Amino acid sequence: MERPGPSDGSDVSGPDPQLAVTMGFTGFGKKARTFDLEAMFEQTRRTAVERSRKTLEAREREEEMNREKELRRQNEDLEPTSSGSNVARACSKSSSRDTSSSESDESSDSSDDELIGPPLPLKMVEEPVNPMEEGVLGPLPPPLAEDVEEEDDDDGDSEEEENPVRKIPDSHEITLKHGTKTVSALGLDPSGARLVTGGYDYDVKFWDFAGMDASFKAFRSLQPCECHQIKSLQYSNTGDMILVVSGSSQAKVIDRDGFEVMECIKGDQYIVDMANTKGHTAMLHTGSWHPKIKGEFMTCSNDATVRTWEVENPKKQKSVFKPRTMQGKKVIPTTCTYSRDGNLIAAACQNGSIQIWDRNLTVHPKFHYKQAHDPGTDTSCVTFSYDGTVLASRGGDDTLKLWDIRQFNKPLFSASGLPTMFPMTDCCFSPDDKLIVTGTSVQRGCGSGKLVFFERRTFQRVYEIDITDASVVRCLWHPKLNQIMVGTGNGLAKVYYDPSKSQRGAKLCVVKTQRKAKQAETLTQDYIITPHALPMFREPRQRSTRKQLEKDRLDPLKSHKPEPPVAGPGRGGRVGTHGGTLSSYIVKNIALDKTDDSNPREAILRHAKAAEDNPYWVSPAYSKHQEFQGCFEGSKEEMKEQPRTA
């Protein structure tokens with residue numbers, strides 16, 4: 001039995017109204033509502049199925065209407081005779097359909113021709129029909145041209161997806177003349193607007209695709225590292241700075257216009273432990289920007305270290321990685337790179353090993369494969385794929401190898417017969433990660449350098465491009481432009497593109513006509529004009545020297561009286577000629593010129609009489625020598641006479 005409500009007469013329901021009033025809500029004590037989740041899911045599923053069915057029906061109705069319109073347009077384009085036969089055929093079909101409509105209710109085995117509805121769908125039109133069976137006179141209507149084109153396009157797209165060679169943009173090319181020596185470095189900014197090239201001639205040249213015409217001339221050339229060969233150039237991930245690595249021990253960072261931003265400090269070469277010095281102490285090999293962190297980059301050097309730097313702190317490196325052999329000895333890294341996410345640092349060494357560190361742990365490498373390439377050959381490039389799971393290495397042993405960093409115990413694939421003669425021959429992945437590209441080297445006059453493409457899945461040599469009659473050193477495939485940049489051994493930088501597959505880049509400058517040089521206007525008569533000889537340009541001459549002398553008199557410098565020499569020990573900060581110091585005494589008494597102006601013959605003959613009276617130094621020595629020489633001459637004469645007597 002429920003207790004009576006409160007005395008104030010408020011309508012409160014529940015088993016305990018007083019407690020409900022105290023708690024502040026009226027539903028206290030009621031049973032909670034339960035939900036059947038299975039029923040709710042079933043209702044949601046039915047609703048989704050119903051909506052999908054309605055959408056499919058609407059789409060089918062729309063396609064049916066489009067097909068009817070296409071058939072009507074096709075029928076209107078046919079010849080009059082064929083149109084008449086088609087009308088007769090349609091009338092006969094309609095009559096047969098009318099007669100068979102009543103029979104369709106009784107029999108369920110009626111054919112498709114006896115159905116009542118819209119005209120035949122597109123599939124029935126495209127399929128070959130036997131006119132004798134249908135009883136139709138006249139030619140059959142052809143298939144729609146638009147549908148055929150769409151099918152061809154779909155087939156082409158599927159073929160391109162299956163065959164990555166079709167995506168290589170090599171139908172057109174432009175040639176940029178860097179110089180006469182090897183182009184050893186290439187860099188392209190992330191937007192693809194500017195290209196920078198560096199070579200063995202110490203020059204770094206800037207190329208602007210948007211501002212360049214068909215003459216293909218660089219808008220700036222400079223030598224940031226003076227007399228050191230350029231080994232690596234790379235734009236930062238923001239595109240506002242360029243990392244310049246040369247043959248010196250100090251890397252530089254310049255901005256987009258070539259002005260220096262920072263220069264790394266040089267280390268102390270007399271310190272044994274390279275981790276205790278602030279910078280590199282030997283020649284650099286290469287460098288790379290961090291793909292995620294702005295202002296961080298990495299370099300490797302002949303001092304057997306890999307160092308990371310920050311642009312804001314050029315006076316000391318951020319961290320030091322020291323590659324080691326399995327026995328713990330030093331080994332020189334020849335190339336280094338970051339992974340795509342920036343968490344790993346990979347370096348290839350002169351002993352043929354590839355070592356990979358965690359970026360935050362500098363002590364021991366995370367992966368170490370000791371015989372990736374032949375020992376003693378410089379591995380020229382290591383690069384990660386865009387998905388970050390595969391590493392490609394270009395060895396100095398004329399091989400290209402592919403590695404899976406998840407199972408870093410043996411290479412996935414290996415390709416040989418790729419000669420290289422440069423320590424910076426590199427390789428790269430295509431933007432879709434399906435191809436790997438590298439270049440080959442040749443001796444001068446012994447063929448042409450090639451750009452070779454390998455399929456990543458099977459590592460087959462699927463395509464190659466003959467570049468020029470020199471080695472191919474650098475290659476770069478930009479993902480945004482879909483254009484391939486190549487640096488060669490004869491001072492050329494080539495850009496390969498396809499007008500239909502590539503974007504911007506070289507396409508911007510090839511359409512611009514070459515600017516004609518403005519020729520000076522020819523003069524009718526050969527006059528020699530010297531503007532400064534005309535009276536209006538002449539400087540006024542002084543008619544007399546008196547005014548000039550008066551001006552010089554007022555000038556404190558020109559009218560200054562020369563100071564006389566200082567006599568005595570000196571005063572006013574000036575040193576006297578003969579002071580009282582020890583040095584002045586020595587100069588005065590010892591370093592004087594004591595030349596003897598007497599006759600040298602008389603000076604020698606003065607001692608002649610003393611030498612005759614006391615022959616101690618010279619005469620005894622000569623007397624013994626003369627006696628020995630006399631005996632020797634006598635023995636020689638005796639030896640000459642002996643054969644005569646015989």
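Start with the whole chain on screen: there are twelve helices and 28 strands to look at. Bear in mind that this is a predicted model. Of the 646 residues in the protein, 34% are buried. The exposed surface comes to about 42,100 Å², with carbon and sulfur atoms supplying 52% of it. Among contacts between residues at least 6 apart in sequence, 48% join residues at least 24 apart.

Now colour by confidence. The average pLDDT is 78, and 69% of the residues score at least 70. Select residues 1–14 and you'll find pLDDT below 50, with eleven contacts in the model beyond near neighbours in sequence. Then pick residues 79–149: pLDDT stays under 50 here too, and the model has 40 contacts for this stretch beyond four places in sequence. A word of caution before zooming in: where pLDDT is low, predicted coordinates should not be read in detail.

Next stop, the surface. Select F35, L37, M40 and F41, which make up a nonpolar patch with about 490 Å² of accessible area together. F35 sits in the loop between α1 (17–23) and α2 (37–77). With a relative accessibility of 57%, F35 counts as exposed.

Time to go inside. Select residues 296–301, strand β11: six of its six residues are buried, so the strand is largely enclosed by the rest of the structure. Turn on the side chains and look along the strand. E296, M298 and C300 point one way, while F297, T299 and S301 point the other way. That fits a general pattern: in a regular strand, side chains alternate between the two faces of the sheet.

Keep β11 in view and add its partners. On one side, show strand β10 (residues 284–289), which runs antiparallel to β11 and is joined to it by five bridges. To find the register, label W289, whose bridge partner in β11 is F297. The β10–β11 hairpin has six residues between the strands, and G295 takes a positive phi near 90 degrees.

Now bring in strand β12 (residues 306–310), which pairs with β11 over five bridges, again in the antiparallel sense. Here M298 stands opposite T308. Four residues separate β11 and β12 in their hairpin, and A304 in the turn has a positive phi of about 65 degrees.

While you're here, pick E296 again and add E310, K318 and R359: a network of salt bridges links these residues. E296 is one of the buried residues of β11.

The structure holds 26 salt bridges, so let's visit a few of the others. Select R256 and D189, whose side chains meet at 3.3 Å, N to O. R256 is in the loop between β8 (252–255) and β9 (260–263) and D189 in the loop between β2 (183–188) and β3 (194–199), so the pair ties together parts 67 residues apart in sequence. Which end is buried, and which is partly exposed? D189 counts as buried at 1% relative accessibility, whereas R256, at 26%, counts as partly exposed.

Move on to E464 and K450, a salt bridge with its closest N and O atoms 3.3 Å apart. E464 belongs to strand β25 (residues 461–468) and K450 to strand β24 (residues 449–455), 14 residues apart. E464 counts as partly exposed at 33% relative accessibility, and K450 counts as partly exposed at 27%.

Last selection: K558 and D552, whose side chains form a salt bridge at 3.4 Å, N to O. K558 counts as exposed at 56% relative accessibility, while D552 counts as partly exposed at 22%.

Definitions and conventions
Residues numbered from 1 in each chain as written. Predicted model: local features only at pLDDT ≥ 70, side-chain atom pairs only at ≥ 80, totals over all residues. Heavy atoms only, no water. Patch = residues over 30% accessible without salt bridge, like charges linked within 9 Å, V, L, I, M, F, W, Y side chains within 5 Å. Areas by Shrake-Rupley, 256 points an atom, 1.4 Å probe, with all protein chains shown as cover. Salt bridge = Lys/Arg side-chain N within 4 Å of Asp/Glu carboxyl O. Helix = DSSP H or I, 4+ residues; strand = E, 2+ residues; numbered from the N terminus. Buried < 20%, exposed > 50% of the residue type's maximum accessible area, 1.4 Å probe, protein only. Pairing = 2+ DSSP bridges. Contact = heavy atoms within 4.5 Å. pLDDT = per-residue confidence, 0-100.
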